[in-house]
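Hello,

Here is the structure I promised to pass on to you. Have a look at it first, and then read on for what turned up.

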Amino acid sequence: MGMILLFVGMGMFIGAMSANGWDFKKLSTIKYEVKTYEVDGEFSSIVLDSETSDINFILSIDGKNKVVCDETNSISHSVEIIDGNLVIKKNDNRKWYEHIGIFLSNSEIDIYLTKSEYQSLSIENKTGNVKVSKDFIFDDINILCSTGNVVFNANVRNTIKVKVSTGNMEFRNLTCKNISLEGKTGNVYLENVIATGEMDVKISTGNIKLNDSDALNMTLKTSTGNIKGTILTAKIFIAKTSTGNIDVPNTITGGICNVTTSTGNISLKIS
């Protein structure tokens, strides 16, 4: 009987999703309306504070700076320029009972920017993904997320600093001076990421994968997970694992590459 009810429930779910074009937002008990904030004035840096949103940075093609948000009567945003900073803040004024319901997707904040270069980008987001396209260049990056994935493809002149409690971090085809990534649960993937200074990646549970990525000095550390991939230049390798295999080049020149995992394998090669 239980299996019959299970299959009936699955059939009803599939039917409902098919009828809604597999758009999970249509099954949510919270209904959003899209609001656009046009930004007039000059700014050199961006500060974003959001409780629960998927955040996307997109190069504008219509010559206008604008912020496009999902809102309700109880959820709004403030968008203003303060001391040369574009400050975006989500205001959630829901009552306690409005937090009860079916929430199958996050609201979205799309930031359309006309210029490609900015000084700093600072994001604090409790729940939601962050995606920054390859069309931008920043001086410094600081991203703090509790739960969500970070996909970052923009060049940075100085330092990238990202901290994620639960979620994956992915960086592709970029250069920077220093990169510091910290996480509790999730994987880290670096592809064609070149830091002229320090690369520091530390996570508690998850894998670290490098594809043709490098830095002057590297620290790669996970408690439970594998550390694998390819770097570009010779290093003095210091590799340690409590439970697992170690396979690193036997080079004695270059910067320091400190690789540590408690439970997992270490396999790095020079491409």
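Glu51 sits in strand S2, and since this is a predicted model, please read everything below in that light. With a relative accessible area of 33%, Glu51 is partly exposed, because that value falls between the 20% and 50% cut-offs. Setting aside residues up to four places away in sequence, Glu51 touches Lys90, Asn125, Lys126 and Thr127. Glu51 and Lys89 are 38 residues apart in sequence, yet their C-alpha atoms are 8.9 Å apart in space.

The same strand, S2, spans residues 45-59 and also holds Ser53. Is Ser53 buried or exposed? Ser53 counts as buried, because its relative accessibility is 0% and the limit is under 20%. The side chain of Ser53 makes a polar contact, at 3.1 Å, with the side chain of Ser107. Beyond its neighbours within four places in sequence, Ser53 is in contact with Lys90, Asn106, Ser107, Ile109, Asn125, Thr127, Gly128 and Asn129. Lys90, Asn125 and Thr127 thus appear in the contact lists of both Glu51 and Ser53.

Now for the core. In soluble globular proteins, nonpolar side chains tend to be buried together. Here the largest nonpolar core has 56 residues, and Phe57, Phe152 and Phe171 touch the most other members. Strand S15 (residues 188-205) gives this core its largest share, seven residues. What does Phe152 touch, leaving out residues up to four places away in sequence? Its partners are Val132, Phe138, Ile141, Ile143, Ile160, Glu170, Phe171, Arg172 and Leu174.

There is something nonpolar on the outside as well. Ile236, Ile238 and Ile256 form a surface patch, with about 200 Å² of accessible area together. Ile256 belongs to strand S21, residues 255-263. Its relative accessible area is 36%, so Ile256 counts as partly exposed, between the 20% and 50% limits.

A few totals to finish with. The chain contains one helix and 22 strands. Of its 271 residues, 36% are buried. Among contacts in the chain with a separation of 6 or more, 37% are between residues 24 or more positions apart. The chain exposes about 14,000 Å², and carbon and sulfur atoms supply 52% of that area.

Enjoy looking through it!

Best wishes

Technical notes:
Residues are numbered from 1 along each chain as its sequence is written. This is a predicted model: local features need pLDDT of at least 70, side-chain atom pairs count only at pLDDT 80 or more; totals for chains, interfaces and linings use all residues. Side-chain values use heavy atoms; hydrogens and water are left out. A nonpolar core is a set of buried Ala, Val, Leu, Ile, Met, Phe, Trp, Tyr and Cys residues joined through side-chain atoms within 4.5 Å. Buried means under 20% relative accessible area, exposed over 50%, partly exposed in between (1.4 Å probe, protein chains only). Helices (H or I, at least four residues) and strands (E, at least two) are DSSP runs, numbered from the N terminus. Contact means heavy atoms within 4.5 Å. Patches are made of residues with over 30% relative accessible area and no salt bridge: like charges are joined within 9 Å, nonpolar side chains (Val, Leu, Ile, Met, Phe, Trp, Tyr) within 5 Å. Accessible areas come from the Shrake-Rupley method with a 1.4 Å probe; for residues, only the protein chains shown count as cover. A salt bridge is a side-chain nitrogen of Lys or Arg within 4 Å of a carboxyl oxygen of Asp or Glu. A polar contact is a pair of N or O atoms within 3.5 Å; within protein, one must be able to donate a hydrogen and the other to accept it, and residues adjacent in sequence count only if both atoms are side-chain atoms.
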